[in-house]
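This briefing introduces one structure to a reader who has not met it before. Please look over the sequence and the model, and then follow the points below, which are grouped by topic.

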Amino acid sequence: MILTVTMNPSIDMSYSIKELKLDDINRVSQVSKTAGGKGLNVTRVVHELGGPVKATGIVGGHLGNQLKEQLDLADIEHDFYPILQETRNSIAVLHDDHSQTEILESGPTVTEAEVEGFVEVFQRLLSKTNLLTISGSLAKGLPTDFYVRLIMLAKEKGIDTLLDTSGEALKEVLKGKTKPKLIKPNLTELSDLLQMQLDSKQPEVLKQALNHSLFAGVEWIVVTLGGDGAIVKHNDLFYRATIPKIDVINPVGSGDATIAGLAYALSRYDSDEKTIKTGMTTGMLNALEPVTGHINTKHFQTLYSQIIVEPF
């Protein structure tokens with residue numbers, strides 16, 4: 001089973017607005033409300049691919065119950081630890097030019113007792129897990145090295161981790177002794193991490209950056225480049241993934257869908273090429289759907305066959 005961890009989930013609301021007017025009334029004709037947070041987007045896509053998956057994390061209050069009800073309706077397994085404070089809302093305003101404006105609540109504050117309660121649930125779930133994904137930000141009250149602890153607990157059970165986070169949480173993990181199997185920074189996150197300006201049009205410079213000592217021990221580094229595909233490092237091998245042009249409808253959650261595809265392929269021990277192509281395909285499929293963290297598998301093979309993965 002693939003276990004997904006979301007430590008700051010949300011109810012994700014997407015508003016399609018032709019023109020956002022400040023200091024005025026904006027009426028919304030199309031609204032989508034989904035159980036959200038990066039890890040839950042991963043969960044849904046793995047489920048839609050047909051992979052065995054279970055979601056865990058922390059939820060609280062009315063919105064937390066609503067989140068669990070949505071997963072139940074989708075027949076997705078979950079085992080969350082309940083906290084006292086309310087789960088957050090996240091709002092994405094989708095513009096006609098395919099850009100987006102996001103309004104993200106900071107979320108609840110987790111107590112020390114709730115942290116330890118979740119860790120107990122997490123350790124119990126590891127007994128039925130063969131691959132772990134950890135996605136998104138940490139709720140307030142969780143220490144910045146919390147993901148380090150989860151990755152170490154998983155590794156003690158022989159379970160690899162795919163990590164998709166940024167900022168201090170990612171830095172703490174990379175400084176630690178136990179490394180995740182895979183990380184998936186975008187170009188901006190990678191530039192911030194290394195304190196250097198990186199450009200997708202300079203792949204050799206990017207290749208050199210991925211050999212930085214900070215990444216020692218990380219088996220896979222997948223640098224997503226939006227419409228330009230991805231640069232991927234697997235151990236000492238480097239790949240360039242080129243993807244076809246698509247008519248993007250909603251890009252929110254495409255990075256999470258990419259993680260889902262990578263996790264699904266790695267859980268099946270697919271080759272490097274198949275793993276990369278599966279991740280790229282699920283990311284694009286999400287961008288073609290109005291609902292965040294959702295793919296239409298009917299179009300999988302069509303896109304998959306158009307992706308080119310080349311070593312460089």
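Helices here are DSSP runs of H or I with at least four residues, and they are numbered from the N terminus. By that rule Asp72 is found in helix α2, which covers residues 61-73. The model is a predicted one, and the points below take up its sheet, then one helix with a buried face, and then two single residues.

**The sheet and a helix packed on it**

- Ten strands form an open sheet of mixed pairing, and their order across the sheet is β5-β4-β1-β8-β9-β10-β11-β12-β13-β14.
- The edges of this sheet are β5 (77-83) and β14 (308-311), each of which pairs on one side only.
- Helix α9 (residues 272-287) packs on the sheet, where it touches β11, β12, β13 and β14, and its direction makes about 40° with that of β13.
- Strands of a sheet pair through backbone hydrogen bonds, and the pairing can be either parallel or antiparallel.
- In the case of β12 (residues 230-234) and β13 (residues 237-242), the pairing is antiparallel and runs over five bridges, and Ile231 has Arg240 in β13 as its bridge partner.

**Helix α6 and its surroundings**

- Helix α6 spans residues 187-194, and its buried residues are Leu187, Leu190, Ser191, Leu193 and Leu194.
- Viewed down the axis of α6, these buried residues fall within an arc of 160°, so they line one face of the helix.
- An α-helix has 3.6 residues a turn, so residues three or four places apart point the same way.
- The cover over the buried residues of α6 includes α5 (167-175), α7 (203-209) and β11 (220-224).
- At the start of α6, a side-chain oxygen of Asn186 comes to within 3.2 Å of the backbone nitrogen of Thr188, while the residue that follows the helix is Gln195, whose phi is positive, near 55°.

**Two residues in other helices**

- Asp72 has a relative accessible area of 48%, and because exposed means over 50% and buried means under 20%, Asp72 counts as partly exposed.
- The side chain of Asp72 is joined to that of His78 by a polar contact of 2.8 Å.
- Asp72 and Pro290 lie 218 residues apart along the chain, and their C-alpha atoms are separated by 21 Å.
- Thr258, found in helix α8 (residues 254-267), is buried, with a relative accessible area of 5%.
- Leaving aside residues up to four places away in sequence, Thr258 touches Lys184, Thr224, Gly279, Met280, Thr282 and Gly283.

Conventions: Residues are numbered from 1 along each chain as its sequence is written. This is a predicted model: local features need pLDDT of at least 70, side-chain atom pairs count only at pLDDT 80 or more; totals for chains, interfaces and linings use all residues. Side-chain values use heavy atoms; hydrogens and water are left out. Buried means under 20% relative accessible area, exposed over 50%, partly exposed in between (1.4 Å probe, protein chains only). Helices (H or I, at least four residues) and strands (E, at least two) are DSSP runs, numbered from the N terminus. The arc is that of the directions from the helix axis to the C-beta atoms. Contact means heavy atoms within 4.5 Å. A polar contact is a pair of N or O atoms within 3.5 Å; within protein, one must be able to donate a hydrogen and the other to accept it, and residues adjacent in sequence count only if both atoms are side-chain atoms. Two strands pair if DSSP finds at least two bridges between them. Axes are lines fitted to C-alpha atoms, for helices over the stretch in contact, and angles run from 0 to 180 degrees between N-to-C directions.
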